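Please take a moment to look over the structure shown below. The paragraphs after it offer a guided reading for someone who has not met it before.

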Amino acid sequence: RLLGGLGEPGPGRHGARQGGVHLGRACAVAGQGHPAEAAGLGWDDVDLDTRRARVTGKGGKTRLVALGVVLVDLLLPAMPGANVVTGTARAMSPDAFQRRINRSMQAAGVAGTFHQLRHRYGTLAYQATRDLVAVGQQMGHSSPVTTSIYAAASDDAADVIADAVAR
């Protein structure tokens, strides 16, 4: 819904371009990382063959992040030497990037924020894998305890527990 509300893609890009930002790309990248990681991602850090991006997180630590096929499609076309989000040599500041995403989400009628996109990513990733360590590594968490917020028990899990202990 969010990407659909950003306007028709122009030639050679996904989503509308507003204020120097490819919004489709920006939103696609936003859900996976911190504002600084997403805003600063350069095409030279993206390996399309392995679908991995090298991001720089807090404290200057780098890590490889897996990129799904749909995300890679949203990011294309690649522009070597350019920033993934802006399509130019200049990156946007993390704060400006986060504000732009938040405004774009509101304009598209999507209730939420950049931070909530990140939480959604963590929740869906955990539900798909049930692996706190792997999800935490992808999100740049230093401890599984940080990632455990995404492991909130579902009603289905509660029913399984209730049935198991009733035996």
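The text that follows goes through a sheet, an aromatic pair, a pair of helices and one tyrosine.

It should be noted at the outset that this is a predicted model. A suitable place to begin is the sheet. Three strands form an open sheet in the order E3-E4-E5, and their pairing is antiparallel. Strand E3, made of residues 46-47, and strand E5, made of residues 62-66, are the edge strands, each pairing on one side only. Between E3 and strand E4, which covers residues 52-56, the antiparallel pairing rests on 2 bridges. In one of these strands, E4, alanine 53 serves as the bridge partner of valine 46.

From the sheet, attention may turn to the aromatic rings. A pair of aromatic rings is described by the distance of the centres and the angle of the planes. A search of the whole structure yields 1 aromatic pair. Its members are phenylalanine 97 and phenylalanine 114, whose ring centres are 5.7 Å apart and whose planes stand at 75°, an edge-to-face arrangement. Phenylalanine 97 belongs to helix H4 (residues 94-107) and phenylalanine 114 to helix H5; with 17 residues separating them, the pair links distant parts of the chain. Are these two phenylalanines, 97 and 114, buried or exposed? Both phenylalanine 97 and phenylalanine 114 are buried.

Helix H5 also has a packing partner in helix H6, which spans residues 132-139. The axes of H5 and H6 lie 9 Å apart and make an angle of about 150°. Angles over 145 degrees count as roughly antiparallel, and H5 and H6 are therefore roughly antiparallel to each other. Their crossing is right-handed. On the H5 side, the residues that meet H6 are Arg118, Tyr121, Gly122, Ala125, Tyr126 and Thr129. On the H6 side, their counterparts are Leu132, Val135, Gln138 and Met139.

One residue of this meeting deserves a closer look. Tyrosine 126 is located in helix H5, which runs over residues 114-129. Why does tyrosine 126 count as buried? Its relative accessibility is 14%, and buried means under 20%, so tyrosine 126 counts as buried. Leaving aside neighbours within four places in sequence, tyrosine 126 is in contact with Asp131, Leu132, Val135, Tyr150 and Ala151. Among these, Leu132 and Val135 are also listed where H6 meets H5. Glycine 136 lies 10 residues from tyrosine 126 along the chain, and the C-alpha atoms of tyrosine 126 and glycine 136 are separated by 9.2 Å.

Conventions:
Residues numbered from 1 in each chain as written. Predicted model: local features only at pLDDT ≥ 70, side-chain atom pairs only at ≥ 80, totals over all residues. Heavy atoms only, no water. Helix = DSSP H or I, 4+ residues; strand = E, 2+ residues; numbered from the N terminus. Buried < 20%, exposed > 50% of the residue type's maximum accessible area, 1.4 Å probe, protein only. Contact = heavy atoms within 4.5 Å. Pairing = 2+ DSSP bridges. Phe/Tyr/Trp six-rings, centres within 6.5 Å; stacked < 30°, edge-to-face > 60°. Axes fitted to C-alpha atoms, helices over the stretch in contact; angles between N-to-C directions. Parallel < 35°, antiparallel > 145°, perpendicular 65-115°, else oblique. Left-handed = near helix turned anticlockwise from the far one by under 90°.
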